[in-house]
Amino acid sequence: MATLRELKGRIGSVASSEKITGAMKMISSAKMHRAEADLRKLLPFRAQIETIIGNLLSTDADFSSPLSEPRQVSNAAIVVLGSDDGLCGGYNINIFKDLLARINEGREKWGREVKFTIFTVGRKIDRAVRKIADSSIVVVNDPEINSKSAGDAVKAFSRRLCDMYLAGEIDCVDLLYMNFQSVSRQRLRCDRYLPVDSADLTSSGAQAAFRPCIFEPDASTIYRSVLPMYLLSVMQEVFTENRASEQAARVMAMQSANDNAKNLLDDLQLEYNKLRQQGITTELLDILGGQVKND
């Protein structure tokens, strides 16, 4: 049985842990709200690009882009986004499990000979994915890219994927990430990034508010110029979604840890009070026993 001193020490340690998890929850919550604000800032740019594409799709003009031309898949690329830091519950584990499922689905769809190039974003997910690397799975981690990347780094990464697709090094690109919905809900998504499917552009609402336009120089040239901008906006949104989802998962993990610390603190405090009361009772009995003996 623990002594009063040991229980007091454990109570102090648990109380300190409770304060730490509470502080970490507040920090993660602030970062999550910042990522939410960044998502809202991306909307005008994304909406304008989709409006331009919607105007193009509403015409009878013939246009195409090498980025939207499908081909036979022999080397598939998957960009899997996770976290650089831990303490976010099963965030990376769930993403990794879904990646394994996507690889198996790809082999059933394209054949067992298909090769995969996995681009990892985040140290934690990179460490997990490297365990499955073999002759048919190549893991690529760009040191310039991490889960906190934004702006120029994301732009360079998007351009690199497009260049690899145009050069024939990869035949398709999928984005595997956590879609942020709320602080308590993040949903795994796997979206086709390349080649761009015009049906996806239509279903995304790109044609919702088009107006008759005269295109200069021509629709095909504009389409080829705007499509990389659209891909960039998608990549920026995915990175921001990943940051928001990671912080939301960390908020929930810290909340759970904080609740557990509170419950443990209550149990320890109750045990401490019982042991202290038992000690007081024993001392009183000893005192009364001594008095009776003296009488």
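In the next few minutes I will walk through some features of this structure, which is a predicted model.

Let me begin with the strands, and with the question of how β4 and β5 are arranged with respect to each other. Strand β4 covers residues 172-182 and strand β5 covers residues 185-194, and the two pair in the antiparallel sense over nine bridges. If you look at the place where β4 passes over into β5, you will find a hairpin that joins them through two residues. To pick out one position along this pairing, L176 has C190 in β5 as its bridge partner. Please keep C190 in mind, as I will come back to that residue when we reach the cysteines.

Now let us turn to the aromatic rings, where the structure holds two aromatic pairs. One of them is formed by F119 and F157, which meet edge-to-face, with 6.2 Å from centre to centre and 75 degrees between the planes. This pair links distant parts of the chain, since F119 belongs to strand β2, residues 115-121, while F157 belongs to helix α4, residues 152-166, and the two are 38 residues apart. Are these two rings buried or exposed? F119 has a relative accessible area of 1%, so F119 counts as buried, and F157, at 4%, is buried as well.

F157 also has its ring centre 6.2 Å from that of F239, and because the planes stand at 75 degrees, this pair too is edge-to-face. Here F157 in helix α4 meets F239 in helix α6, a helix that covers residues 219-294, and therefore the pair ties together parts of the chain that are 82 residues apart in sequence. F239 is buried too, with a relative accessible area of 1%. Taken as a group, F119, F157 and F239 are linked by ring pairs into a cluster. While we are speaking of rings, I would also point you to Y165, where R71 lies over the face of the ring, at 4.0 Å from the ring centre.

From the rings we can move on to the nonpolar interior. In soluble globular proteins, nonpolar side chains tend to be buried together. In this model, the largest nonpolar core has 35 residues, and those with the most contacts inside it are V79, Y193 and L194. Which elements give two or more residues to this core? They are α1, β1, β2, α4, β4, β5 and α6, and of these it is α6 that gives the most, with eleven residues.

We can look around V79 in more detail, leaving aside its neighbours within four places in sequence. Among the residues in contact with V79 are F119 and F157, which we have just met in the ring cluster, as well as V121, L161 and L176. There is also a second, separate core, which has 23 residues and includes I103, I118, I132 and L176.

A residue of another kind that I would like to show you is Q236, which lies in helix α6. With a relative accessible area of 19%, Q236 falls under the 20% limit and so is classed as buried. Not counting residues up to four places away in sequence, Q236 touches L42, F45 and V154.

Next come two details of the backbone. The peptide bond from L194 to P195 is cis, with omega near -5 degrees, and P195 is found in the loop between β5 and α5. The other detail concerns L87, whose phi is near 60 degrees, a positive value in a residue other than glycine. L87 is found in the loop between β1 and α2, and with a relative accessible area of 55% L87 is exposed.

Finally, as promised, let us consider the cysteines. A disulfide is a covalent bond between the sulfur atoms of two cysteines. How many disulfides does this model have? The count comes to zero. C172 is in no disulfide, and the nearest cysteine sulfur, that of C190, is 9.5 Å away. Because a disulfide would need the two sulfur atoms within 2.5 Å, that distance does not qualify. C172 is buried, with a relative accessible area of 1%, whereas C190, at 23%, is partly exposed.

To close, let me go back to the ring cluster of F119, F157 and F239, and suggest that you find F157 in helix α4 on your own screen, and then trace from there to F239 in helix α6.

Notes:
Residues numbered from 1 in each chain as written. Predicted model: local features only at pLDDT ≥ 70, side-chain atom pairs only at ≥ 80, totals over all residues. Heavy atoms only, no water. Pairing = 2+ DSSP bridges. Helix = DSSP H or I, 4+ residues; strand = E, 2+ residues; numbered from the N terminus. Phe/Tyr/Trp six-rings, centres within 6.5 Å; stacked < 30°, edge-to-face > 60°. Buried < 20%, exposed > 50% of the residue type's maximum accessible area, 1.4 Å probe, protein only. Lys NZ or Arg CZ within 6 Å of the ring centre and 35° of its normal. Core = buried A, V, L, I, M, F, W, Y, C linked by side-chain atoms within 4.5 Å. Contact = heavy atoms within 4.5 Å.
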